[in-house]
Amino acid sequence: MKKKFLLLSLLFGLNASVGADDHEDSREAFRVCADGNYLPMSNRELAGYENRIAALLAEELNLPVEYYWFPQRLGFIRNTLRKKNPDTGQYHCDVVMGVPHRYELTITTDAYMRSTYALAYVKGKGLDDIKTQADFLAMSAERKAELKIGAHERNPGVQLLAENNMFLQLVPYVAQGGDPNVAPAQLERDDLLAGNIDMAILWGPLAAQLRNESKDADIGIVPLESTPSIRFDFPFALGVRHPDKQWRDQLDEALVKNKAEINEILMEYGIPLVDEDGKPLQ
């Protein structure tokens, strides 16, 4: 449980204070807490899949969408979902579009997406035969020794490398930098495209973003399957304040009604989706 909590802390602040919430019987807007530089999830131009899902659900609920932007770093929940505007006394926002299912700092809807960490590499540079996790692990010791593989310190891929005598191949990165203008995993992606590393182990949506934004390189993505000792796949849901159960239930109903459209959006972005057993769906 402790390892899982550390992994999930990659995306959200774990130092949020717990306080009472105001129940709202009626809402005038679908008010979203989001990072303005967090593609493929969200950005200020509303080009992320979470932006599109928010618009879809807001239309279902007949509400306009409003955003409160804040970098998705440590303290995100404390500074968004749980923080009130001192002038109005109203919370800054009412829903986070992507949190781990059953995330401790919120109550969550049912999961609408399950993705997994993935290996990413540039095709045409000697790794095109690596199409599965088994192919990766079956490489000869000599071939493995030549690789440089990027991953941040909380990435479960680090454990995969350690368990398979590849820890010396790790090129470490910081999970959360202090500059909000640098998108998550941007440094790993830049180094991969520049040839400074041979592979990167990325959260599935971030691997998809690498492929989507790489105009001059063909990116190979190998979804990683969980093992008895390492969990790579996680379900994601919407998160709301703990007392807001009625709002959570409304969102669950909207998710069910729009399930097909949501799946189409995720597939359009190329997110590596997996089933409940962690097996790839695409």
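Helix α9 (residues 245-257) has 13 residues and, at 1.5 Å a residue, should span 18 Å; its end C-alpha atoms lie 19 Å apart, which agrees. The expected span is 1.5 Å times one less than the number of residues in the helix. Helices (H or I, at least four residues) and strands (E, at least two) are DSSP runs, numbered from the N terminus.

This is a predicted model, in which local features need pLDDT of at least 70 and side-chain atom pairs count only at pLDDT 80 or more, while totals for chains, interfaces and linings use all residues. Residues are numbered from 1 along each chain as its sequence is written, and side-chain values use heavy atoms, with hydrogens and water left out.

**Two helices and their sides**

The buried residues of α9 are Trp247, Arg248, Leu251, Asp252, Ala254 and Leu255. They cover an arc of only 165 degrees around the axis, and therefore lie on the same side of α9. The arc is that of the directions from the helix axis to the C-beta atoms. Buried means under 20% relative accessible area, exposed over 50%, and partly exposed in between (1.4 Å probe, protein chains only). On the face of α9 turned away from its buried side are the exposed residues Glu253, Val256 and Lys257. The cover over the buried residues of α9 includes β1, α2, β5, β6 (107-108), β12 (233-240) and α10 (259-268).

In α10, the buried residues are Ile262, Ile265 and Leu266. Their arc around the axis is only 95 degrees, which puts them on the same side of α10. Ala260, Glu264 and Glu268 are exposed on the other side of α10. Among the elements that cover the buried residues of α10 are α2, β7 and α9. An α-helix has 3.6 residues a turn, so residues three or four places apart point the same way. After α10 comes Gly270, with a positive phi near 75 degrees.

**The nonpolar cores**

A nonpolar core is a set of buried Ala, Val, Leu, Ile, Met, Phe, Trp, Tyr and Cys residues joined through side-chain atoms within 4.5 Å. The largest such core has 69 residues, of which Phe30, Tyr49 and Phe136 touch the most other members. Strand β7 (residues 113-122) supplies the largest share of this core, seven residues. A second, separate core has nine residues, including Phe76, Val96, Tyr103 and Leu105. Contact means heavy atoms within 4.5 Å. Leaving aside residues up to four places away in sequence, Tyr49 touches several residues, among them Pro40, Tyr112, Ile265 and Leu266.

**The disulfide**

A disulfide is taken as a pair of cysteine sulfur atoms within 2.5 Å. One is found in a search of the whole structure. It joins Cys33 to Cys93, with an S to S distance of 2.1 Å. The link of Cys33 and Cys93 is right-handed, with 105 degrees about the S-S bond. Cys33 lies in strand β1 (residues 30-34) and Cys93 in the loop between α3 (76-79) and β5 (95-100), so the pair ties together parts that are 60 residues apart in sequence. Cys33 is buried at 3% relative accessibility, and Cys93 is buried at 0%.

**Backbone features in loops**

A cis peptide bond joins Leu39 and Pro40, with omega about 15 degrees. Pro40 is in the loop between β2 (37-38) and β3 (42-43). The table lists two residues other than glycine that have a positive phi.

| Residue | Phi | Loop | Relative accessibility |
|---|---|---|---|
| Leu46 | about 60 degrees | between β3 and α2 (49-60) | 43%, partly exposed |
| Asn62 | near 60 degrees | between α2 and β4 (65-69) | 70%, exposed |
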